[in-house]
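Here is a set of questions about how the labels given to a structure are earned. Each answer sets a value against a cut-off and then concludes.

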Amino acid sequence: MGSAVAKIRSAVGGVIPYRRQAGGNGAGHASESKGMAFAARYGTIVFLLVLVVVFTVLCEIRLGEQRFLSGSNLTLLLRQSAVLAILASGLTIALILGEFDLSIAAALTLGGGIFALFLSGQYVVTWPTIPFTDIGGGAVVPADWQDTFLFALIAAAFFGLLAGVINGIVVSYFGVSAFIGTLGLAGIIEGYLIRLTDGRSVALPKNVTDTAQGTLFGWKAPDSWGWDLTVGGRTFNLNFGGLSLPIIAVTAAIILCGISFFLRQTEAGRRMDAVGGNPEASRLAGIDVKRYRLAAFMMCAVIAAIAGVVLAAGRTGSAVTLVGNQGSYLLQAYTACFLGAVTLREGEFHVLGTAIGVLLMTVTFSGLIILGVPGYAQTIANGVILIAALTFAGLARRAARRT
Amino acid sequence: MRKFKKALVVLPLVAMTLLAACGDDSGDSTSDTTAAADTTATADTTAATEETTAPADTAAAAASDPSKGEIPEGGAEVAIAGDVTTWTGKKVGIANLAPVPGAERWSKPLQACIEKNGGTVDYQDVGGDPTKLPALLEGWASAKVDAVFNIGIDMTGQESLIAAFTEAKTPVVIWGAGNPEGVVALDANQEEDGRIIGRYLVEKVGSGQVILVNANNPALQSREKGLKEVLDEAGLELIVVGEALGFSAESAQKSVEAALQANPDAKAVVGGFGSLGVGAAAAVTAAGSSAVVVSMNGDPEEYAAIREGGAFVATVADGHEFGGEAACQIAADMIAGNAAPGTAGKQILATSVLVTADNVPAEGSSEATPRKFYQLP
């Protein structure tokens, strides 16, 4: 199997090119080359900032007051980004190793569903009953422990882990294509959840949702956090009063930092990076490639399950157990990861880039709705902005290579 | 380099042009849906399935109140009768759109009615995938079932199979799947549902902005039409969001959160479907808005939200359960050799009931006001 990164590069058709070769065309092109290199590296971030400015200005013009760049909307953006950021960061691990996991939306649904079922006391783990006897059938752990928050969380993560183990074994050890293997597991999870819940949503206790949907220390920025900014004769009243840090956003930040630390600062993380860069060389260097692939799928699925818990507790207040209703998360997560791969580091998937990709998508969604763009135009605009962001970065990269 | 400079100029202009094209949000976008967890979902683009009726009279008709399960003006009642003991020894096929309360509120009572009376049911769930329907119909045609039922799955393109069932005198009875030729089509009056909830809002909030979070589905578009009619007449402004986001509560929540940022003074939020209303309620509560939330369908999650006493205050309960029972009787009557009730080719509509905190059913129950069935001119 060739380089995993090379496969991904060919899959996205040159948007993620090879690293720029050393050397240049002479001193006369030095400043132009630096400019292109800057655009190639930071193009997506620049695009994000441009989008924020455009939405801010258009909001001022169209609505007469600032509703986009405000404390309450920034808090909302953090809230809306949290679940996707967690999910996409887990997917980043699999992508670093050159693998595609199409079961992340199912794992997300599974995690949320199992968490809710345990917490509401509808699911109790029992010992199997020995056939033809009355031995067994009791709760593995006392039932009143099983409906606690911690147990429910561990259970959700455990079910995610099981999904990841199955994916990893099927792909790494049985040699099944990741596309097919993970897609198959997604179907199994979907059927299993319907069997458990008949497709019904499972409500969560109010005390759990109230906490999860709260803000860090209940802090809120005071109303005095406002500034008037005059540009081109027009005054923008920027009011950041009401800005707060949602618990789920803080959770997402901790998880992303943890994943990033693992990938960059630990030996296991660096080995994963090596396997993704060149599996054959890694194998020859004594790295157990199959084991690290298995680990990547396990981590991806566990993180997806945790994202499901965050979604159920921190956003919807109940766990949706129909995988089909969460299917959009699959495409969104891949979009965020691929946006991130053209940010800061050329052609490499990385957690910070994924986070920027998530922000770009959330900002776009929020801005378009606030401006009252009709639904069909939103869908078109989302696609245009995605293509524009990737094209801008890709063109800059090619121009940098030529100079 | 030249190409790159050109792109630098062109691309942002294209993006800004699109962003600046803040057209009206009259909610007239109509496009087929593929996702479906909707009890009345249909992707029938030829749908003249919804009634084309006389405009709603915002002043409640003296003789009938459609919000209380009565037939709206202009409707002609259709008597539903059938000897359900006919089902003994018969076998039927039921195609269910998805394992969701909204669909099963019709299909499960239907199944229970048939099985209770000695019939055998082949209950098939397509999991929201309408492309599975042809194979099901073909299988049932080969198995020569005595009746076929379908909830919510688009039947476009199945004309030859429907004709085959008609020739074999096998009744085909559907709910919320359009009005193809050769079937007995039952449904709720979606446009009237919109009018019912619209009248409730006019009374509740009086004036101001109303946000509608809707999905791109013909039945929901009909609800929007009825709602808009009433709100326009009363002078309320309707802002439509989320048309492209399907039926997920979380998508509705995100859309409404953003819409409330743009319109913080909105007095009400309407979910075009039960799950959309539940998502909208979560958004309103999180935003600390005083807007009331209503929706349409009458699913258990909506009743639970009303019982909670929060932002969610009302829904319109479609008569799915009664529709299922009616389908059981209609098909039994047809198997016994009688014609379908009412005028052939016209949809048979079930009346709806406005549900608020005053009449919300207890947990585990459904809205039990007896429904009438009617056809429109």
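Q: How many helices and strands does chain B have?
A: In this predicted model, chain B has 10 helices and 14 strands.

Q: What percentage of the 377 residues in chain B is buried?
A: Buried residues make up 57% of chain B. The label requires under 20% relative accessible area.

Q: What share of the accessible surface of chain B belongs to carbon and sulfur atoms?
A: The surface comes to about 14,400 Å², and 54% of that belongs to carbon and sulfur atoms.

Q: Why is Phe217(A) called exposed?
A: The cut-off for exposed is over 50% relative accessible area. Phe217(A) has 81% relative accessibility, so it counts as exposed. Phe217(A) is found in the loop between helix H8 and strand E2 of chain A.

Q: What makes the pair Phe158(A) and Phe159(A) edge-to-face?
A: Two rings pair if their centres lie within 6.5 Å, and planes over 60 degrees apart count as edge-to-face. There are 11 aromatic pairs over all chains. In the pair Phe158(A) and Phe159(A), the centres are 6.4 Å apart and the planes are at 90 degrees, so the pair is edge-to-face.

Q: Why do Phe158(A) and Phe159(A) get the labels they do, buried or partly exposed?
A: Buried means under 20%, and partly exposed lies between that and the exposed cut-off of over 50%. Phe159(A) has 14% relative accessibility, so it counts as buried. Phe158(A) has 46%, so it counts as partly exposed.

Q: How do you know that Arg79(A) has no salt bridge?
A: A salt bridge needs a side-chain nitrogen of Lys or Arg within 4 Å of a carboxyl oxygen of Asp or Glu. For Arg79(A), the nearest side chain of opposite charge is Glu257(B), 5.7 Å away. That distance is beyond the cut-off, so Arg79(A) has no salt bridge. Arg79(A) is nevertheless buried.

Q: Where is Arg79(A), and which residues does it touch?
A: Arg79(A) is in helix H3 of chain A, residues 71–96. Not counting residues up to four places away in sequence, Arg79(A) touches Gln213(A), Gly214(A), Thr215(A), Pro246(A), Ile248(A) and Arg315(A).

Q: What makes the charged end of Lys108(B) count as sitting over the ring of Tyr123(B)?
A: The rule asks for NZ of Lys within 6 Å of the ring centre and within 35 degrees of the ring normal. The charged end of Lys108(B) is 4.1 Å from the centre of the Tyr123(B) ring and sits over that ring. Likewise, the charged end of Lys254(B) sits over the ring of Phe365(A), 4.9 Å from its centre.

Technical notes:
Residues numbered from 1 in each chain as written. Chains lettered and ligands numbered in written order. Predicted model: local features only at pLDDT ≥ 70, side-chain atom pairs only at ≥ 80, totals over all residues. Heavy atoms only, no water. Helix = DSSP H or I, 4+ residues; strand = E, 2+ residues; numbered from the N terminus. Buried < 20%, exposed > 50% of the residue type's maximum accessible area, 1.4 Å probe, protein only. Lys, Arg positive; Asp, Glu negative; His and termini not counted. Contact = heavy atoms within 4.5 Å. Phe/Tyr/Trp six-rings, centres within 6.5 Å; stacked < 30°, edge-to-face > 60°. Areas by Shrake-Rupley, 256 points an atom, 1.4 Å probe, with all protein chains shown as cover.
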